[in-house]
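Student: I am new to this structure and would like a close look at a single part of it. Could you take me through that part slowly and show how it sits among its surroundings?

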Amino acid sequence: MGIDNRIKEFRAKFNLTQEELANKVDVRRETISHLEKGKYNPSLKLAHDLAKTFNTTIEELFILD
């Protein structure tokens, strides 16, 4: 079971680069890139921080397959 996400969609909506988003949630830009490509599953803390940044819920941002 994988986790799909809408990070790229939300990032575009908020007009953020991968680097800007990474700085907001205190990770490297590469982490955001890997998340968007589905190559990395985030920790619960990172998922929470991302959802908070986008003013949404974890459930809206991440979709279980």
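Tutor: Leaving aside its neighbours within four places in sequence, L21 is in contact (heavy atoms within 4.5 Å) with I7, R11, L16, I32, L50, T53 and F54. This is a predicted model, in which local features need pLDDT of at least 70 and side-chain atom pairs count only at pLDDT 80 or more, while totals for chains, interfaces and linings use all residues. Residues are numbered from 1 along each chain as its sequence is written, and side-chain values use heavy atoms, with hydrogens and water left out.

L21 also belongs to the largest nonpolar core, a set of buried Ala, Val, Leu, Ile, Met, Phe, Trp, Tyr and Cys residues joined through side-chain atoms within 4.5 Å. Here buried means under 20% relative accessible area, against over 50% for exposed and in between for partly exposed, with a 1.4 Å probe and protein chains only. That core has 15 residues, and those touching the most other members are I7, L21, I32, L50, F54 and L61. Two or more residues come from each of helix 1, helix 2, helix 3 and helix 4, and helix 4 gives the most, with four residues. Helices (H or I, at least four residues) and strands (E, at least two) are DSSP runs, numbered from the N terminus.

Helix 4 itself spans residues 44–53, and its buried residues are L46, A47, D49, L50 and A51. These buried residues pack against helix 1 (7–13), helix 2 (18–25), helix 3 (29–36), helix 5 (58–61) and strand 2 (62–64). After helix 4 comes N55, whose phi is positive, near 55°.

Helix 2, to which L21 belongs by its range of 18–25, also holds Q18. Q18 is buried, with a relative accessible area of 16%, and, again leaving aside neighbours within four places in sequence, Q18 is in contact with R11, R29, I32, S33 and E36. Two of these partners are joined to Q18 by polar contacts, each a pair of N or O atoms within 3.5 Å, of which, within protein, one must be able to donate a hydrogen and the other to accept it, residues adjacent in sequence counting only if both atoms are side-chain atoms. The side chains of Q18 and R29 are joined at 2.9 Å, and those of Q18 and E36 also at 2.9 Å. Although Q18 and R29 are 11 residues apart along the chain, their C-alpha atoms are separated by 5.7 Å.
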